[in-house]
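Here's a quick briefing to read alongside the model. Keep the viewer open and click through the residues as they come up.

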Amino acid sequence: MAGYSRDEILARMQGGSITLGWGAVAAFDRARLNNMLEQQYLSRLHEERYLPDFFARFKDPQQAGAYVQLSNIEFGTPRLSFESASINDSRATLHMNIIGGQVATYGGAEERLLGTSDLSEGMGFSVDMAVNLALVEGRVDTRGTVSLDLARGSELSCNLPLGGLQAELNQQLQAWFSQLPAHRTAFSLGVIDFVGDGPLTPTSFIIRTQAAPGAKFKQAENFGDGAVLTFIQVKANTRAGDHPGTDFPYLIPDDQQGSDARYSATVVVAQSLLDHVADGKLQILGSLLFPGSHTFNEVDRDTPHDLAVFGNISPLSSTLRVVPSLVTLRPNGEQAFQLLDANGTQLTASGWTALSLNSHQPASSGSITSDGKYTAAKASNMGHETLTVVVTATYIKDKKQYKASARVFVMLEEAELLPRIATYMWPDAPVALLAGHAGAGQVAWGLAGPAYGELAASENGAVFTAHKASNRLPIALQRVKATLEKGTYSGILLVNARFPVPGLNLAETTSRAGVGQRVKPGEALAFEFDQGDLLPGATQRWRVLGAGSITEDGKYTASGGEASGADAVVCDLERNEVTFNGAYQLLQLSEEEPESKWKTLQTFTVTLPSSTAKPFANGYQQIEVKVEVETVTEEGQQNAPLTPKERASIVLAENDSDQAVRVLDESVQGIEAQTGTLAEYAVRATRNVFRLAGGSAPGGGVSAKSVVVNMYLHILDPQTRSATFYARFKKQNTGEEFSSTDKNPENGRVTVAPRTLEREYNKDDYRFVPERVKGAGDAGKPEDYWLNLKTRDYWRFEYAGGSFVTHEFLGRTASWGVKADINKSMVRYENDHPNEIMVSYTGSIFKNWFQGAVYGEQEETPETPAIVFDLNGGVKDEDVSSFITNPWGETIDSNHFSRGEFVITNDRLEDATYMPAEHRKRLSESMVVKFLDEVGNQHHVNFYYDQNDVAGHRDIVRFNVVKPK
């Protein structure tokens, strides 16, 4: 296809139906899908559901005994592209930038630091993987979700420059992603709602991906563009359609409106179903839902054969965003943030917060005013070379709280360099240098001090090539300056192969611990060299390569005139006026003031609200589990509670299996169904709509020393077996795992003994009371029905033990047999005679009182539900559509309906058209409904009319309790 303007797409559609037998086809473009991915990424920052940091360690094949350590590798926003997409499957490419972390090289028996670099997003490092978009169907919310899961990605590729370690890096990353929990790796691209009885209500769909025309060529302006397609079966379809081929047209026009794309989504409805479109209203458009409160908004439509509706994926009015969303700042840098609604109108936030994910100390987060003006921490308070700070706005409307976040990356230096410091045996191969920086402009590269080679510009940085003649020197430090304003220095230490590995130690009189740490400008350190049996009697001669100075007894002072740099301290050995190679230590100069960190744990406990708290093991009722971690710091240092990243890594684990308990998405109310015979466990970070077992303890939070996290545990186990749980988390910077059972075996675990139902439910547990709402007379009196032939009664079904939370019509009979089709209404004529005109038919009313709220904090929502009648997907003569407009329609009488109850409406007419028995076979069956009550227990109830030979059989609705088999 040469082009894909709106007119070209319509011309292609004139040749006949393109839906391949499906009811509809929906296409969504890359740009809007990536916008929704970014919104989910930003939301997860304040929800603490972001990807954890990646750690890995590799043996360095270039240097014997050396290894490379990757620490705190942090990933940015996931983005989709479709250059590899094929209409034959649902494959796409996912790209994530590496926005932070450290790369370090160690060597020698004492594992001395040979080189280190801090990473930033501007360096251009990333991870790419192939992903297959998947359909995930909900059992309770009856929706199908187009899901993207990083844990299921394949063909992973990372461009961190690790030379011969590249393949091993890709393998380790692949294995790491695959074991991450779904609440961190799974993203939603769209939802198709299966709720409804109209002919265009979706029942199933398949997913495909498609590259835009020309988008597979790297030189193309639209490289990587494409769409996600859903081929949708609706209730009016008798079967699913055919699979698309490579000639399937691209459906999203490339027309422009100014500088913006005019369209981002298209829905095509099959021509054969257009009779079901009433007054131009397309029910299927209301079934297309998107994450982050987005919806499909129609721009225009045309009917070349099928109906084509062109539109956009747009945010709903409740969708909030903070702008700018991604920012990079220096210490003390300022940024004004705004909270905007879906229309771009600025809102006044109820509050603003700033939180550094890396830090133990509040001062590292910087500060933010009540109107969104953020100031990054000053250099002395950062505590790290780089910080990731989450800026969050809170907005309260109609007593509901909304949040939106932005990400701020704070850099101590004006540029992060790769390598920052590094040790090389006199290299034959060039050394590539890269810079990532916070500001605009180009980095100017140059050699500083003595030149031991040549520096040339490259596409992304610079390349240093050592002079071959210089390798006669035993050791030399090549300093490279990258300048935006003041400049940042990289130190390349060139070592002759005959020179020993680093061997200097800090003297005992020096307060700093360790060797190879950053050195602040002007800082003084005392070094010593234990030469052992090496040249006994030789004199130690100290010198510095770089801008610092050193005394003859090894007391080093860093230059006070450079905020960033690199030095090498060298100790030579002299005997008989001959100088021999001794030892060296490479140092990085930085203004970083390391923050106080915790040394060990004081307490790590797991507790329940009470010893008597017992949840039902139905998968829905929660029990609160409180995890508390208190830390201990070095003497004289500030208190240092867990960092937000450490807090986010806290998981609950089942004791016998040591498996982490899976975390439910916050849109899911519980464990929907058991997948095997073993007990299943899950947690949510927040309370759900069901009553909490055992009450709640005071909320979680952070104090000077401790962190308290409340988790809400779900258990699904028909055998109601007791289970024991403990907690664990990972330490930042090292990835070391800590367990609550290691610290305190008694208080580090809890045992939950679920409740069992004392007996099965029976009819005495329910009330079923009729009330006359339309027509004369009273309901429930046999003599009244003969006097009043046109009436509407509400049969109010209530659970004596509480309220119902959800309901679902099942495809089951009263004996738990399988029905061919679900019916949500019943029809009964007075007699089965072609001239019969007296009929009764049912509808139902249910209002989910607890929708979107926490149990005990619900408020009445203004929406009034309508009576739901069975329309059988619009298949005429097999539904109740011919009855419901005569005489009272679908409007309910709210005076005869309460929250948490289920109502069967029974309408009686005296002037109906006869529906032949073969057309109402489905509607002649009873209805089995599954309810969940406020503690999450299931109730299965069968509603029915009496047998035809019973007097008044169509006047009274009856029920019995069904036992699933």
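What follows goes from the whole chain to two sheets and then to three single residues.

This is a predicted model, so treat it as one. The chain has 965 residues, and 53% of them are buried. DSSP-style bookkeeping gives 9 helices and 64 strands.

**The whole chain**

- Taken along the principal axes, the C-alpha atoms fill a box of roughly 130 × 70 × 50 Å.
- If you take the contacts between residues at least 6 apart in sequence, 70% of them join residues at least 24 apart.

**The mixed sheet, with a helix across it**

- Look for an open sheet of 4 strands, in the order β21-β29-β28-β25, with mixed pairing.
- Its edge strands are β21 (326-329) and β25 (351-356), and each of these pairs on one side only.
- Neighbouring strands here are turned by 25 degrees against each other on average, ignoring direction.
- Strands β21 and β29 (residues 400-411) run parallel and are joined by 4 bridges.
- To find that pairing on screen, start at leucine 326 and go to its bridge partner in β29, arginine 407.
- Helix α2 (residues 30-47) lies across β21, β28 (386-397) and β29. Against β29, helix α2 runs at about 90 degrees.

**The antiparallel sheet**

- Another open sheet of 4 strands goes β30-β32-β35-β34, and its pairing is antiparallel.
- The edges are β30 (415-418) and β34 (453-457), each pairing on one side only.
- From one strand to the next, the twist averages 25 degrees.
- Strand β34 runs antiparallel to β35 (residues 461-466), with 5 bridges joining the two.
- A handy pair to click on is leucine 455 and its bridge partner in β35, phenylalanine 464.

**Aspartate 567: a buried charge**

- You'll find aspartate 567 in strand β44 (residues 565-575).
- What is the nearest side chain of opposite charge to aspartate 567? That's arginine 479, 4.8 Å away.
- Aspartate 567 is buried but has no salt bridge, because a salt bridge would need a side-chain nitrogen of Lys or Arg within 4 Å of a carboxyl oxygen.
- The aspartate 567 side chain does reach the backbone nitrogen of alanine 547, at 3.0 Å.
- Leaving out residues up to four places away in sequence, aspartate 567 touches a set of residues including Leu477, Val544, Leu545, Gly546, Ala547 and Gly548. Also among them are Tyr556, Gln585, Leu586, Leu587 and Leu589.

**Threonine 791: buried or exposed?**

- Threonine 791 counts as buried, because its relative accessibility is 0%, and the cut-off for buried is under 20%.
- This threonine 791 sits in strand β57 (residues 791-799).
- Not counting residues up to four places away in sequence, threonine 791 touches Arg772, Lys774, Ala776, Trp888, Asn906, Asp907 and Arg908.

**Proline 536: out in a loop**

- Proline 536 belongs to the loop between β40 (524-528) and β41 (539-545).
- With a relative accessible area of 55%, proline 536 is classed as exposed, because that label applies over 50%.
- How far apart in space are proline 536 and asparagine 895? From C-alpha to C-alpha they are 102 Å apart, with their positions 359 residues apart in sequence as the separation.

Technical notes
Residues are numbered from 1 along each chain as its sequence is written. This is a predicted model: local features need pLDDT of at least 70, side-chain atom pairs count only at pLDDT 80 or more; totals for chains, interfaces and linings use all residues. Side-chain values use heavy atoms; hydrogens and water are left out. Two strands pair if DSSP finds at least two bridges between them. Axes are lines fitted to C-alpha atoms, for helices over the stretch in contact, and angles run from 0 to 180 degrees between N-to-C directions. Contact means heavy atoms within 4.5 Å. Buried means under 20% relative accessible area, exposed over 50%, partly exposed in between (1.4 Å probe, protein chains only). Lys and Arg count as positive and Asp and Glu as negative; His and the chain ends are not counted. A polar contact is a pair of N or O atoms within 3.5 Å; within protein, one must be able to donate a hydrogen and the other to accept it, and residues adjacent in sequence count only if both atoms are side-chain atoms.
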